[in-house]
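Reader: I'd like a close look at how the pieces pack against each other in this one. Keep the cut-offs explicit, please, since I'll want to reproduce them.

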Amino acid sequence: MADTTVLITNGRVVDGTGNPWFFGDVALSGDRIAAIAPAGRFDPAHAAEVVDAAGMVVCPGFIDIQSHSILPFLSDTRSVSKVTQGVTTEIMGEVWTPAPFGGRIASPFGTSLLGRGGAEWEERARSWTRFRYWLEAFEARGVSVNFGSVIGGGTVREYGKGLELGAPTADEVAAMCRVTREAMEDGAFGVGTALIYPPGAFAGTDELVEIARVVGEYGGLYITHLRSEGDRFLEALEEAIEIGTRGNCAVEIYHLKATAPRNWHKMHAVIARIERARAEGLDIAADMYPYIASGTGLSAALPPWASADGALFDNLRDPAMRASIRHEVLEPSGDWEAQVTQVGPEGVMPVGFRKPENAQYAGKRLAEIAEMRGEHWVDSLIGLIADEGQAISTIYFKMSEENLALQLQQPWVKISTDAGGIDPAHATGLTHPRAYGTYPRVLGKYVREEHVLTLEDAVRKMSSAVADRLGLQERGLLRAGNYADIVIFDPATVTDHATFAAPHQLSTGIRDVWVNGGRVLASGAHTGATPGRFVKGPGA
């Protein structure tokens with residue numbers, strides 16, 4: 001083929017469908033896959049570059065349906081920790097998006113759980129009055145991976161009702177639906193709710209149905225962090241099913257998990273309920289990351305009402321409110337996800353401190369921190385949040401390995417990171433290892449070592465299954481005419497190295513990565529290339 005820019009030869013081709021691998025060659029022409037054929041069919045003399053993939057797997061690039069790269073992209077658009085996992089597309093938007101700015105939103109970054117954008121970005125983001133303006137700005141800047149987003153459910157709520165508690169008025173719901181409709185037409189893949197965090201936690205089922213109905217009109221997803229993954233797991237799942245059914249909208253469950261030992265047994269019932277809903281005609285599925293610990297803010301251990309009107313830190317400084325919050329944390333009412341009481345202070349590990357005097361606590365369990373400070377754990381919890389004036393990134397050890405394996409085997413479960421991209425050369429503090437190791441961990445631990453999944457099914461869960469879920473055209477499969485988002489990896493050595501104690505370690509075994517035909521990883525090293533594009537949902 002005379003116009004071949006890259007010819008990948010002698011690889012084991014895993015095409016993303018789940019079909020068995022075959023020895024084949026893959027020819028690229030510009031930003032597209034030109035042809036795929038059994039090994040030896042193409043003349044290497046006609047290719048500008050020949051890449052030998054002997055002993056390697058050649059597969060579609062991995063699509064992360066739950067990325068948190070919004071803030072990382074502000075400073076570094078290379079997404080190093082994702083590219084070195086084989087990620088070629090990131091989909092953002094759980095909880096919050098910095099666009100659209102308007103309505104009753106006071107600050108574009110005000111409800112970001114784990115950080116702000118800085119003065120420069122805060123000002124720039126005020127001009128992002130349409131959802132697409134934010135993503136168009138990043139495409140113009142240059143990003144190594146493809147990127148897109150759902151509109152944050154918390155952003156939708158704040159746009160219409162601010163940070164207030166209570167049911168919205170008809171006019172407020174109308175504003176939420178209007179901004180959702182505009183976002184869908186701008187390319188959002190749906191709406192992403194997280195019903196344990198304010199202001200999303202303040203949203204009732206009926207208003208979520210109205211928003212889902214708009215999303216459903218465009219063929220998008222209602223994608224949700226359930227209102228409970230623990231004591232009210234089954235009830236929270238029923239709410240998601242109701243929203244999807246009444247809203248005539250497909251439902252995706254973010255990071256499927258059963259939290260706390262007393263709830264682990266519920267996973268069997270949850271899987272059965274999802275299967276029944278699917279049999280009854282609801283398009284419901286899920287994604288997950290392969291770790292037994294979750295990651296969010298330490299502030300998520302406080303009742304959502306403590307953050308009403310954006311007044312969390314004022315409330316923590318008020319003695320009467322602080323006493324009420326303390327009582328609720330110790331004796332939760334049951335209508336919110338009480339993070340610490342699920343696993344005890346021994347299962348909670350804060351990692352994201354910003355003040356130098358608090359750095360001594362990073363990586364220690366809350367029980368140990370309380371002992372160091374000579375106080376009850378709830379007082380350490382509240383005191384640290386108040387002192388830091390921020391959410392404090394925290395790891396919660398809550399899940400079981402048995403459930404992880406069970407979930408991975410469900411045909412409707414896909415793989416996601418629930419993390420942003422990081423460059424370990426500039427990283428400080430600790431973070432969840434999923435930012436570095438999610439996809440290689442599946443391929444190494446759960447495919448090669450434990451045989452929980454076949455290689456072909458694992459790749460499908462990382463590529464075509466996600467593209468199909470998003471309605472993302474011409475990506476996720478190795479097919480002639482599709483975009484050249486391609487990964488070459490060594491199935492014998494692909495491994496994650498990041499741990500909870502030492503997370504800033506890149507995975508190895510992912511050798512080469514192309515995004516839209518541009519190589520962003522060569523022999524395991526990031527090239528610095530930024531060929532990524534703004535990918536859009538079905539309403540665009």
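**Packing, piece by piece**

Author: Let's start with helix α11 (residues 319–330) and helix α14 (residues 377–388), which pack at an angle of about 130° with their axes 10 Å apart. Axes are lines fitted to C-alpha atoms, for helices over the stretch in contact, with angles from 0 to 180 degrees between N-to-C directions. Helices (H or I, at least four residues) and strands (E, at least two) are DSSP runs numbered from the N terminus. That angle makes α11 oblique to α14 (under 35 degrees is roughly parallel, over 145 roughly antiparallel, 65 to 115 roughly perpendicular, the rest oblique). On the α11 side, Arg322, Ile325, Arg326, Val329 and Leu330 make the contact (heavy atoms within 4.5 Å). Facing them from α14 are Trp377, Val378, Asp379, Leu381, Ile382, Gly383 and Ala386.

Some ground rules: this is a predicted model, with local features needing pLDDT of at least 70, side-chain atom pairs counting only at pLDDT 80 or more, and totals for chains, interfaces and linings using all residues. Residues are numbered from 1 along each chain as its sequence is written, and side-chain values use heavy atoms, without hydrogens or water.

Next, follow α7 (residues 205–217), which meets α6 (residues 170–186) with axes that come within 9 Å and cross at roughly 25°. That crossing makes α6 roughly parallel to α7. In α6, the residues in play are Val173, Met176, Cys177, Thr180, Arg181 and Met184. They meet Glu207, Glu210, Ile211, Val214, Val215 and Glu217 of α7.

Helix α7 also packs on α8, where the axes come within 8 Å and cross at roughly 45°. So this time the two helices, α7 and α8, are oblique to each other. Here α7 brings Thr205, Asp206, Leu208, Val209, Ala212 and Arg213 to the contact. From α8 come Glu239, Glu242, Ile243, Arg246 and Gly247.

Helix α8 (residues 233–247) leads straight to a sheet, because it lies across β11 (221–225), β12 and β13, running at about 155° to β12. The sheet is open, with six parallel-paired strands in the order β9-β10-β11-β12-β13-β17. At its edges stand β9 (151–152) and β17 (413–415), each with a single partner strand, so one side of each is left without a neighbour in the sheet. Under the helix, β12 (residues 250–253) and β13 (residues 284–288) pair in the parallel sense over three bridges (pairing takes at least two DSSP bridges between two strands). Glu252 stands opposite Ala285 of β13.

Now look at β16 (residues 393–397), which pairs with β14 (residues 293–297) in the antiparallel sense over five bridges. Strand β16 pairs with β15 (residues 348–350) as well, again antiparallel, over three bridges. Check Thr394 of β16 in your viewer: Thr296 stands opposite it, and Thr394 is also the bridge partner of Pro350.

Finally, the charges: a search of the whole structure turns up 43 salt bridges (a side-chain nitrogen of Lys or Arg within 4 Å of a carboxyl oxygen of Asp or Glu). One of them joins the side chains of Arg519 and Glu49 at 2.5 Å, N to O. Arg519 sits in strand β20 (residues 518–522) and Glu49 in the loop between β3 (32–38) and β4 (50–52), so this pair ties together parts that are 470 residues apart in sequence.
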